[in-house]
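Colleague: I would like to go through this model with you, one question at a time. Could you show the sequence and the structure before we begin?

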Amino acid sequence: TGCGFLDHMLVLFARHGRFDLELTCTGDTYVDYHHTVEDVGICLGQAFARPWGEMRGVERFGQSLLPDETLILGAVDLSGRGMLCWDVALPTAKVGTFDTELAKEFWLAFTRKAGCTLHLRKVAGENSHHILEGVFKAAGRSLKQAGLTGDDDIPSTKGSLV
């Protein structure tokens with residue numbers, strides 16, 4: 001992507017979510033990383049929404065609690081409604097050259113295009129780098145759990161999620 005820290009986060013997201021991920025992004029990183037981070041979130045959200053379709057055969061809900069130096073709670077509902085609930089206080093404004101506020105922008109863009117409700121909450125942690133690692137890992141694990149099951153049901157009493 002041209003942004004080393006974002007690349008690092010995407011590797012963690014894919015690894016812990018057990019997703020195949022290959023992307024290329026060229027953007028105006030000479031200005032800053034904002035547009036690149038947001039655009040990657042948009043594109044990944046669109047890519048995740050595609051296999052869910054009418055939501056037939058998804059588990060729908062997923063959650064994870066990731067302990068390390070930090071403790072991060074992640075929960076997702078593949079509801080068809082894009083919403084981010086972000087409760088992640090970060091002690092620093094930057095990790096290297098990466099503005100830490102961009103992590104929230106990434107997940108806002110992702111949830112809007114994926115059509116999922118995603119809760120991310122920092123329970124404990126003091127190191128911004130480790131906190132953001134936990135956020136991306138927790139999101140990946142939660143999405144893995146909520147994903148496709150192979151059955152033919154739509155997990156809704158209304159019979160529809162879209």
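Modeller: What follows is a set of questions and answers on this predicted model.

Colleague: In what order do helices and strands follow one another along the sequence of the protein?

Modeller: The secondary structure of this predicted model comes to four helices and six strands. Read along the sequence, these elements follow the pattern α-α-β-β-β-β-β-α-β-α.

Colleague: What share of the 162 residues in the protein is buried?

Modeller: A residue counts as buried when its relative accessible area is under 20%. Applied to the 162 residues of the protein, that cut-off gives a buried share of 45%.

Colleague: How many ångströms separate the end C-alpha atoms of helix H1, residues 4-17?

Modeller: Helix H1 has 14 residues, and because each residue is taken to contribute 1.5 Å, the helix should span 20 Å. The distance found in the model agrees with this expectation, the end C-alpha atoms being separated by 20 Å.

Colleague: Which residues of H1 are buried, and which residue with a positive phi follows the helix?

Modeller: Within H1, the buried residues are Phe5, Leu6, Met9, Leu10, Leu12, Phe13, Ala14 and Gly17. The helix is then followed by a residue whose phi is positive, near 60 degrees, and this residue is Arg18.

Colleague: Which residues form the positive surface patch, and in which helix is Lys144 found?

Modeller: The positive patch is formed by Arg15, Arg18, Arg141 and Lys144. A patch residue must have over 30% relative accessible area, and Lys144, which is partly exposed, has a relative accessible area of 47%. As for its place in the chain, Lys144 is found in residues 128-146, which make up helix H4.

Colleague: Is Ile131, also in H4, buried or exposed, and how far is its C-alpha atom from that of Val88?

Modeller: Ile131 is found in helix H4, and since its relative accessible area is 0%, it counts as buried. Val88 lies 43 residues away along the chain, and the separation of the two C-alpha atoms is 8.2 Å.

Colleague: Turning to helix H3, which of its residues are buried?

Modeller: Helix H3 covers residues 101-114, and its 14 residues reach 20 Å from the first C-alpha to the last, close to the 20 Å expected at 1.5 Å a residue. The buried residues of this helix are Leu102, Ala103, Phe106, Trp107, Leu108, Ala109, Phe110, Thr111 and Ala114.

Colleague: What is the C-alpha distance between Ala49 and Gly115?

Modeller: Gly115 comes just after H3 and takes a positive phi of about 70 degrees, while Ala49 has its place in helix H2, residues 34-52. With a relative accessible area of 24%, Ala49 counts as partly exposed. The two residues are 66 residues apart in sequence, and their C-alpha atoms are apart in space by 6.8 Å.

Colleague: What are the closest N and O atoms of Arg60 and Asp77 apart, and are these residues buried or exposed?

Modeller: Arg60 forms a salt bridge with Asp77, in which the closest N and O atoms are 2.6 Å apart. The pair links distant parts of the chain, 17 residues apart, with Arg60 in the loop between H2 and strand E1 (61-67) and Asp77 in strand E2. The relative accessibility of Arg60 is 12%, so this residue counts as buried; Asp77, with a relative accessible area of 15%, is likewise buried.

Colleague: Which strands hold Asp87 and Arg121?

Modeller: The side chains of Asp87 and Arg121 meet in a salt bridge, at 3.4 Å from N to O. This pair links distant parts of the chain, 34 residues apart, with Asp87 in strand E3 (residues 83-87) and Arg121 in strand E6 (residues 117-124).

Colleague: How many salt bridges does the structure hold?

Modeller: Besides the pairs just described, the side chains of Lys94 and Asp99 meet in a salt bridge, 2.5 Å from N to O. Lys94 is partly exposed at 44% relative accessible area, and Asp99 is partly exposed at 21%. For the structure, the number of salt bridges is three.

Colleague: Which residues make the nonpolar surface patch?

Modeller: One member is Leu73, which lies in strand E2, residues 71-77, and counts as partly exposed at 32% relative accessibility. The patch has an area of about 250 Å², and the residues that make it are Leu65, Leu73 and Val123.

How values were computed:
Residues numbered from 1 in each chain as written. Predicted model: local features only at pLDDT ≥ 70, side-chain atom pairs only at ≥ 80, totals over all residues. Heavy atoms only, no water. Helix = DSSP H or I, 4+ residues; strand = E, 2+ residues; numbered from the N terminus. Expected span 1.5 Å × (residues − 1). Buried < 20%, exposed > 50% of the residue type's maximum accessible area, 1.4 Å probe, protein only. Patch = residues over 30% accessible without salt bridge, like charges linked within 9 Å, V, L, I, M, F, W, Y side chains within 5 Å. Areas by Shrake-Rupley, 256 points an atom, 1.4 Å probe, with all protein chains shown as cover. Salt bridge = Lys/Arg side-chain N within 4 Å of Asp/Glu carboxyl O. Lys, Arg positive; Asp, Glu negative; His and termini not counted. Charge placed at Lys NZ, Arg CZ, Asp CG, Glu CD.
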